[in-house]
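Here are some notes for a colleague opening this structure for the first time. They go from the whole chain to single elements and residues.

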Amino acid sequence: MSFVFAPPAEIASLEPSFLPPSGPVWILDPGQQSGGASASRPILLRRYEGLTSVLALSAVLRRAAGAHQSRLFAPCAWGTSEGVFWTATPVPGGKPLMSTDLSRLPWQQAVSLWRPLAEAVRAAHGRGVVHGLLSPWNVWYDDTIEKLTGVDLGCWPGERLGQDVHWPAEMQGLASARQPTPATDVYGLARLLIWLALPAEAMRATPNFSGIPAFAIPTLERAICQDPGRRPQRVDELIDATSFASSIREGSDHAGDEPSDERRADVLFRRVHGRETIENKRFGPGLRFHLGPANEAPANEAESTGVFFYEGVDRDVYHSVRWAWEGALINLFDAGVVEDSTKRRFLTSHARCLPVVEPYWPVSVTDVLTAEHCTSRVLVDQREAGAPGRALVFGSLVHGLLEDLSSASPPTLDEALEARLPLLRIDMLASGLGDDDLPALVLDAHKHFENLVKFSAAGGRNDALSRVGWSGRHAEATRYSAMFGLEGRIDLVTEDEHDGLQIIELKTGKPWDGHLSQVRCYTLLWGGLARQSGVAMSGHVLYSANGRMETIALEDTARERRILRARNELVACHRSHVDPSIGYKAPHFMEHPRQCNAAPCRWRKDRCQEQTAMLGLNPSARADQSTGPGSPWQGWEPSLVSRAWAYHAHFNRLIGMERWAENAALGLILQSQRLAERVANRSALADLRVVEVDSEAGRLSLSGRATRLFSPGDFVLAHRGDIDTGHVVKGVVVSTTGEGIVVRSQSAAIAATLPQDGWILDALPARMGHRSALQALYGAIKHRDRARAQVLLDPQSLAAREAMAFEPTQPFALLEDSERALNTTQRLAVARALGAPVGTLIQGPPGTGKTTVIAHLVRELVARGQRVVLCALTNTAVDTMLAKLLDAGHRDFVRVGSSGRCRELSDKLRAQGLAPRDFFSDDLAQANSSLGSLSQALLDTMVIGCTAHGSVGASVIKFLCHKRGAQPFDVAIVDEAGQLTEPMTLGPLNLARRFVLVGDHRQLPPIVENEQAQSVFIEGFASLDAPEDDLALVDEPGQLSLLAQQSASQVSAVLDGAGVGGLDRSLFERLVERLPFVMLEEQYRMNEAIMAFSNAAFYGDRLRAHESVATQALDIAATKLGAITAPEHAVVFVNVDASDDGRTNLAEAQALVETLICLGQAAPAATIGVVSPFRAQAHLLRELLHTALGESALKIDVDTVERFQGSERDVILVSLVKTGRAGDFLSDERRLNVTLTRARKKLIVFGHRPCLELSPLYRRLIEQPQTFIVDWQSSAHD
């Protein structure tokens, strides 16, 4: 505290800012301050003419400064001037309650506003802290966020209240003489509540309580008694007595007593049915439904429970559940139990009631915190990320330092910075930082690091657990909760016998109320584990700027309600993509001005306004009124604007549908009762045993049966059954063997403290790309490139055809190497790509050298001074393009990422005498300590390679956009374009003026989890013509009605003719069916007999085999299998007379393994692959191969067709499994095409002929002249 303080000389001439009963108060801005009170924020200035003792004053101020209660604003400076004492206090947010224009509030709204403060005071009492001076002039209210924001302690030294203020004696006079008790705070809280509900009565000794519910009046009368002994002695009594909660009966205006603890209930995982809205004259709008069993509709009324909520009774709970839809799952914690006149029991709100809608659909803590008060904040961020800045870079650096300090052997700061700064250099460039900014960054890091070291210093215990924050076993731990429907990653969790479970969140910036909500979310995530383990739990925010640790209240119902309301509304927002009939609409810009002007919207306001205008989000928006001056669509044709709005709305909805399905797949893992189902579906392994834990390396080794179910790179969750109450280890598979699996995870060490047996391993759904897809989609609209818009939105128009067409009037001059290396159609493809005004489509059937075309196209573009971004769906495809670029002699490129993650490309670079560190962005960042030289190296590079997802979010791309503008490249080339969803394809396209899409729509389409987001579903409903009553039928609980499905899947009529469909229809496929394209016609992979079927079935007999491969045959000695392995039969169909059990066929698998053994012995140099349409059969084949061949089986790739696209082998064996009906999955033309075209010299198909011949497609394959047919008879081959 500063003692060098004097009020400004002109203070006598300034009018007080407000006049509370305790005397005048001035608010001074920073420029008006002087001496020790000078600060960067406004202060409150008070004078105390009656104080004469400096010792008494300083003791009071020390007490104020040490109160340690959340949101207490104590004096920061004091002094004397002409015998008068002055204090200076930081200004809380908003205004003093008595100075606001807040009008009389409805009772429940007043209680909702007041309750957080009451619960904070209750928590303070639990820590032995009594406030003692709560009043309307020192409690502050911020009308932009509609919250009581803080309590000003500047008036603590003494009060000289007017004659009309009837505050009790223990709240008046010098603080040194006051002796407040919890009952004193009960008095203050009661007066505050009366102020909110009846402002005119709040200062009277005996208020007129007319307008306050009768059930609350007796307790309020007692609470404001002058005699402390007659008041309620606990804040809890006041909170409970003032809550409407369960004091009503359904359908009645009668107010009764609050239910006791025995009349409250937790109702978990029950399904909503019979939902209806209701209205009550006194309590306003309401909601009524029944809760029945989760897995079936209730057979009778006795199996369900009636539930009702009214907005006027409990606004928070009503708005938290109002969007619950028919069939939704709900958890109700601490619901009130009431009875009607017939003794029927119902559930309704209670003072501590917490509802959770669809708890098996986890929402990230980050999104929940962002969505508080407005879900559109999340949507704005999803469409367009805010610009990166120094704060984000510095936050990442300090979090890394915390991780370093949590290691077994913590480094020094210099050692930590030496390791950490190179990892952040590209982020620094993307944030606009340069070499001149580094000294200040490092200096700040020193300060924060020192505070972290102090935090981690010994806490007074002399044992191995003395390092607080490191005595536990977690860092950056991920948790999931099916109780509260949350997921989140926590900075640090400690668990030990002394301190219990400690949740610690690190913050590098200024304190903010959202930090407390964030930690409260994390304590909800960890609460089940703490209770199960029987340990205490606490939550803390660590501010590294000053080393301060703030403890949060774990009993804060109001905060929990805000958290869960935001979470439930987000769930409704996401659900509306799947089922628009629930009626949820996210707010548009300025729909609720108070929320739009609140502080959390400060950094999003401009983006929200722009997005609302750009996408027509205001329901009153019309395209014909959105093209005038000042509009983002100025000068555009209204019809094209309408198409743009419809296009965005359509794909935004489909992305939301896909996200719903993938998040629901994660929710399945949270349901312990469905383990058997997950094991049967081959998505989980059970009964595993921990055999080794390597804490240093972060590796967990498990043993058990069928571990080959997983593959290296798969993301998994290891746990022991109940994820809510047990430890979980999230990681990635490193390796698998027949009996074991190794998982890498930061949380691996915890497994060493748990029982070895009974572990479960679940495959985590690949929930990647939703945010990237949304940003790419919005980016395509925001660019407002009219020529490209014609291509995307109206591809049948003449303008679109002209944008994609290029017919040179004379031979197009290519580089000499290109002329020599390319065939006729390849040269045509390159010429088109070089000359088309907007874009080019190149179809590359299997083996036709599309990667070669890409390599030579890049060389041609660079030779013309054009910058290129190369993108594809997978990292493997990106590396393949760059490797081919090396083969073509081009070495000027940078691959986004590190050389350690791209081994084959790195090996190829070394083989050519090149250093990988010069070709990977992360390696360049490690090698260039100067940000200037790193910046120049990236800017000088003509070709950048990354995945489509990386094109949206990679720091390298953000840096290039920062330096060169929104389109830093001349041309974007996208390989595997047929496998990318349309929104993700837009990511690379947004980066360049022109584009080239290379793919094959006759091969695998994009993978889509949600069948409603697929084209066949959408187009099926588009032609659906059924009576509405039939469409509304729902067959199973929780299912969408057909009418709802149709509503969710419809394509706007505005887009008629554009071919817009589901996410499984790539942009490449949509455009290639409507616009000019080039097809490569000569293939260099397959024997012409292998090519024959696909050529005829899928490519109109336009393919031809190059002479180098047309007659190639397998070099193999004769085997006992005869014609099956004979080189003269390039295509063999082996008829296996067997039966399947759904997705496996043991007899077929055994036949295939026997064939593999013969091939391995007779053709040891041949590369062999095995393809099956079913993961279960692929797993069975791996197990049989391992049994037969041991580790030699690893040389044979066995997988589904999705894993084989883009690769090839000398020999491919196919196991089709089915023996009854082929089914749509097996008869998919594109899957079959990919399966059959992986082989170079030999293709052997195993199947059940009577079944397959039921399909015209397979009958054609079997009966074509090139196919040699053999009946399998294993005994004949012995």
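1. A residue is called buried when its relative accessible area is under 20%, exposed when it is over 50%, and partly exposed in between. The model is predicted. By that cut-off, buried residues account for 59% of the 1278 residues in the chain.

2. On overall make-up, the chain has 42 helices and 43 strands. Taking contacts in the chain between residues at least 6 apart in sequence, 72% link residues at least 24 apart.

3. Next, the nonpolar cores. The largest of them has 115 residues, and Leu 332, Trp 526, Tyr 647, Val 791 and Leu 997 have the most contacts inside it. Helix H16 gives the most to this core, contributing 11 residues. A second core, separate from that one, has 48 residues, including Leu 397, Cys 871, Val 956 and Leu 991. As general background, nonpolar side chains in soluble globular proteins tend to be buried together.

4. Helix H2 covers residues 107-126, 20 residues in all. From first C-alpha to last it reaches 27 Å, close to the 28 Å expected at 1.5 Å a residue. There is nevertheless a bend of about 35° in H2 at Trp 114, and a proline, Pro 116, follows within four residues. H2 is mostly covered, with 16 of its 20 residues buried. After H2 comes Gly 128, which has a positive phi near 85°.

5. Which residues of helix H15 (605-615) are buried? They are Arg 607, Cys 608, Gln 611, Thr 612, Met 614 and Leu 615. These buried residues of H15 pack against three helices: H8 (376-383), H16 (638-669) and H18 (770-783). Gly 616 follows H15, and its phi is positive, near 65°.

6. Two of the partners of H15, namely H8 and H18, also meet one another. Their axes come within 7 Å and cross at roughly 75°. Angles of 65 to 115 degrees count as roughly perpendicular, so H8 is roughly perpendicular to H18. On the H8 side the contact is made by Asp 381, Gln 382 and Arg 383, and on the H18 side by Arg 771, Leu 774, Gln 775 and Tyr 778.

7. Is Glu 505 buried or exposed? Glu 505 lies in strand S20, which runs over residues 500-507. Its relative accessibility is 3%, so Glu 505 counts as buried. Setting aside neighbours within four places in sequence, Glu 505 is in contact with Ile 490, Asp 491, Gln 518, Val 519, Tyr 522, His 540, Val 541 and Leu 542.

8. Two residues deserve a look for their backbone angles. Met 590 has a phi near 60°, a positive value in a residue other than glycine. Met 590 sits in the loop between helix H13 (557-578) and helix H14 (593-596). Met 590 counts as partly exposed because its relative accessibility is 30%.

9. The other is Asp 687, which is not a glycine and has a positive phi near 60°. Asp 687 is placed in strand S23, residues 684-694. With a relative accessible area of 69%, Asp 687 is exposed.

Methods: Residues numbered from 1 in each chain as written. Predicted model: local features only at pLDDT ≥ 70, side-chain atom pairs only at ≥ 80, totals over all residues. Heavy atoms only, no water. Expected span 1.5 Å × (residues − 1). Bend = angle between axes of the 7 residues up to and from the residue. Buried < 20%, exposed > 50% of the residue type's maximum accessible area, 1.4 Å probe, protein only. Contact = heavy atoms within 4.5 Å. Core = buried A, V, L, I, M, F, W, Y, C linked by side-chain atoms within 4.5 Å. Axes fitted to C-alpha atoms, helices over the stretch in contact; angles between N-to-C directions. Parallel < 35°, antiparallel > 145°, perpendicular 65-115°, else oblique.
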